[in-house]
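I set out to record, entry by entry, what I looked up in this structure. The entries go from single chains to the contacts of their helices.

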Amino acid sequence: MNYFLHLLIMISIYFILSLSLNILIGYSGLVSFCHSAFYGIGAYATALLMMKLHFPFTISIIIGIALSVFISLFPSLLSLRLKQDYFYLTTIGFQIIIFSILYNWLGLTNGPYGISDIPNPSILGIKINTVLKFALLSTAIFTICFLLFWGILSSPFGRTLKAIREDELLASTLGKRVYYLKITAFALSAGFASVSGALFACYMHYIDPTSFTLSESFFILSAVLIGGAGNIRGPLIGTIFVIIMPEILRSLHIPDSISANLRQIIYGFLILILMRFRPQGLGGEYKLQ
Amino acid sequence: MTILELRGIKKYFDGIRAVDNVSLSFKEGEISLIVGPNGAGKSTLFNIIAGLLTPDEGEIIYKNKLINHWKQWKRAREGISLLFQEARIFKNLNLLQNILVAFPSQYDENPFAFLINFGKLRHKERENLDKAEQLLSLIGLKGKSHYKAEDLSFGEQKLLSIACLLAKGAEVLLLDELTAGLSPQMVSTILPLLKKLADDGKTIILIEHNLQAVLDIADIVHFMNEGRIVASGPTEEFFQREEIQSFLAIDFSLSLLNIPPKKGVD
Amino acid sequence: MILQILLNSLVSGSLYALVALGFGLVYNTTRIFHIAYGAIFVASSYLFYTFYSLLHLHIALSILITLICTVLIGIFIDMAIYRPLERQNASPDIIVISSLALYLVLVNIIALIFGNEPKVVLETLPPKFTIGQATLNFIQLGFIISFLVISILFFFSLKKTLLGKTIRALRDNPQLLIALGINLPLLRLAIFLLSSFICGICGVLHALDSAIDPHMGMSFLLIGMVAVIVGGVGNLLGSLAGGILLGALSNLIIWKISGNWVDSFVFLLLFIFLLIRPYGILARRRRVEEL
């Protein structure tokens, strides 16, 4: 039972991550390689605020969101005015810088040793101290996020983002402020990613920088691309796929040491095939063209 | 009333003078026609007015303001509307969505508008939906409103992009090869529309090779060649001039043979 | 002390410059963001390790076979992945994602075969000699010599040979080249051949110089990419210069701050560069559309 709940929690966390990355890839047409950086910022911000300043979970999560949104301005203001290629390089670079900070700034983040004993969150006086309660919490938070995503993406804002994805130049000659909208989309996706980070930190009670690497960004990217970008159900399908896959490998008794490498090979291979033959993924709408 | 004025516009590409000291002015309610051979710089001029290109020299005055530093989106919001030669549309969106996007809206830029302004947003969306359907009827594509834009024929895509311009709201319409790719039927639907817009005080500037179609509605004609305006005049007497007729003999026969204008420096 | 730093800078700069050159060669001509290049680098190091350390072949033979294999891998990647995608008009996004996916697949296959822990090729330290107060070993000298030889060859062939001129023309005007009857597929083959060859040399040199692990490619790749942009997109010799500059910078950072922060500083430099001079050294104001 606990195993099932564990999966449920991880799936909720990754649902939020993939839906938020989808705002960039599927709706704005921006391929970002730094999503796990914001995931990490949310995780560390929440953990540190709860442990060092004894802020309650809800306040910490909100501050984490604000921090992510603010930090997202650095890569976005820098590179969104320029060619696509600069954006790729900037997001990769930003990911690496954030990882470096998490790994090397021992005073703040405890570096490679990570942060342990992250306390259980408390919501409205109820201490979330069992897996079941956490599963309820994560499902509730996911549901709120999901409703927000739905609202945002079916609104004029979402429609305008799609237009930008299709033809930026046309959108700007129709009066849309493309640059400003892209920055907003980027900030939105960063904010939601940090919610996932907060959930992750409080569930695992331990975080270290190795959960927030470029590989992790690619993992989230895989979830979006395999499931398909551009609509709501694609990333959900993809997330379930990439979360279930390692479990299948485990049930085939493949040792964990190999499993990490094997997973990357499988996802990478799948992406290669999908990009070539079915860029809209399993259930998506947008063909990344 | 002069709404748009170009003063001494020059644009060079690698040493070639695409636009060479062009000065023109356009009045409200006027329909102007710019003709000339391929590569004369007509589309480049449009791109400069719309803000896609910056002139190397010269000023653009719109509604008595210097707008050289205005970005594309600002010019668009203030009424300058460009119709691309290539019939640009949002391919993967359906027709209705294409037009809905084009409506100017203060809710476009706010991701949380649906929370904050729920009632007003819904009202505006309904309004826009009605207007969009009206526009689709106007261009005869109401039945296809849920088709993906990329599934339309070239002519239909052109009509769609015209509808989007109308949805956006235009004071000055820059129409680049409007009739290219449109069937005579479609042309006869559009032209009265343009005339009505002009009567309502909008300014229309046309680049055309298909002169037959537009001669009736154009007030003024400008002849552009090698980046310069070589002749201008009211339509009636313009085409009586000998030098114009010889220039056009070549161009006219090209358009009769339906040779599409070359995409290039123009 | 200063001399040692200078020499170290030249040594690492040489490697970065060559890495940048290989990446820039592909990027400037085909506009492909060749992330898989990083995997080719790792592959060549491990191939050399296999032939030299595991199979105990003679060093010259090992290098030769490694280079041949590396070139074949590079050409295969272009033919099997990039060309089919371009034929179906895939957007740059799709190509970049595929390239990254390919990088991860290759690097993890190598990790599965050889393990994730570092391997050492040269068990004993190579002979060194001193210049003043600084020391240099033979491998490091090899870095510098390779860099100089390849740079000079490139400098001359870009200006003088047909291949060089066609490479320069390819970026600016592919249609003209077709019209002139130049065989584009053959030219592209040559480009990937050269790029992978240079990558192979880098991989071999690096394997001789330090321990190798499957995940080392990304660092070098990133520095190469930054060097290409800082040196000026479209300017191959600029990529070389960018590499030297970054070599110097990284040594300075290692000396004054710590090895951990090198990557971050390299990117910081990129970001500053993007703020001030994003168009590259060819500072012509570009059409808004082209950006």
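What radius of gyration would a compact globule of 289 residues have, and what does chain A have? I worked from a predicted model. For 289 residues I expected a compact globule to have a radius of gyration near 19 Å, and I found 18 Å for chain A, which agrees.

**Entry 1. Chain A as a whole**

I looked up the secondary structure of chain A and noted 12 helices and 4 strands. Along the principal axes, the C-alpha atoms of chain A fill a box of roughly 55 × 45 × 35 Å. I then checked burial: 57% of the 289 residues of chain A count as buried. For the contacts in chain A with a separation of 6 or more, I noted that 74% join residues 24 or more positions apart.

**Entry 2. Chain B as a whole**

I made the corresponding look-ups for chain B. Its secondary structure comes to 10 helices and 10 strands. The radius of gyration of chain B is 19 Å, close to the 18 Å from the globule rule for 266 residues, so I recorded chain B as being as compact as a globular protein of that length. The box filled by the C-alpha atoms of chain B, taken along the principal axes, is roughly 60 × 40 × 35 Å. Of the 266 residues of chain B, I found that 42% count as buried. Contacts between residues 24 or more positions apart make up 73% of those in chain B with a separation of 6 or more.

**Entry 3. A single residue, A:Thr58**

Is A:Thr58 buried or exposed? I located A:Thr58 in helix 3 of chain A. A:Thr58 has 13 C-beta neighbours inside 10 Å and therefore counts as partly exposed; the buried class would need 20 or more. I also looked up the separation of A:Thr58 from A:Tyr39, which is 19 residues away along the chain, and noted 17 Å between their C-alpha atoms.

**Entry 4. Helix 1 and helix 11 within chain A**

I next examined helix 1 (residues 2–28) and helix 11 (residues 233–251) of chain A, which pack at an angle of about 135° with their axes 8 Å apart. Helix 1 of chain A is therefore oblique to helix 11 of chain A. I recorded the crossing of these two helices of chain A as right-handed. On the side of helix 1, the contact residues include A:Leu7, A:Met10, A:Ile11, A:Tyr14 and A:Phe15; on the side of helix 11, they include A:Pro235, A:Leu236, A:Ile240 and A:Ile243. By class I noted 10 nonpolar, 6 polar and no charged residues in the contact of helix 1 with helix 11 of chain A.

**Entry 5. Helix 3 and helix 8 within chain C**

In chain C, I looked up helix 3 (residues 59–87) and helix 8 (residues 184–209), whose axes come within 8 Å and cross at roughly 135°. That angle makes helix 3 of chain C oblique to helix 8 of chain C. Their crossing is right-handed. Among the residues that make the contact are C:Ile63, C:Leu67, C:Val71 and C:Asp78 of helix 3 and C:Arg188, C:Phe192, C:Cys199 and C:Val204 of helix 8. I noted 11 nonpolar, 7 polar and 2 charged residues in this contact of helix 3 with helix 8 of chain C.

**Entry 6. Where chain A touches chain C**

How many residues of chain A are in contact with chain C? I found 33 residues of chain A in contact with 36 residues of chain C. On the side of chain A that touches chain C, the elements giving two or more residues are helix 3 (57–79), helix 4, helix 10 (214–227) and helix 12 (256–277) of chain A. Helix 4 of chain A gives the largest share, 11 residues. I recorded 21 nonpolar, 9 polar and 3 charged residues on this side of chain A.

**Entry 7. Helix 4 of chain A against helix 11 of chain C**

I followed helix 4 (residues 84–104) of chain A to helix 11 (residues 262–276) of chain C: the two pack at an angle of about 140°, with their axes 9 Å apart. Helix 4 of chain A is therefore oblique to helix 11 of chain C. The crossing of this pair is left-handed. From helix 4 of chain A, I listed A:Tyr86, A:Leu89, A:Gly93, A:Ile96, A:Ile97 and A:Ser100, which meet C:Asp263, C:Ser264, C:Phe267, C:Leu270 and C:Leu274 of helix 11 of chain C. By class, this contact has 7 nonpolar, 3 polar and 1 charged residues.

Notes: Residues numbered from 1 in each chain as written. Chains lettered and ligands numbered in written order. Predicted model: local features only at pLDDT ≥ 70, side-chain atom pairs only at ≥ 80, totals over all residues. Axes fitted to C-alpha atoms, helices over the stretch in contact; angles between N-to-C directions. Parallel < 35°, antiparallel > 145°, perpendicular 65-115°, else oblique. Left-handed = near helix turned anticlockwise from the far one by under 90°. Contact = placed C-beta atoms within 7 Å. Nonpolar A, V, L, I, M, F, W, Y, C, P; charged D, E, K, R; others polar. Rg over C-alpha atoms; globule rule 2.2 N^0.38 Å. Buried ≥ 20, exposed ≤ 12 C-beta atoms within 10 Å, placed from the backbone.
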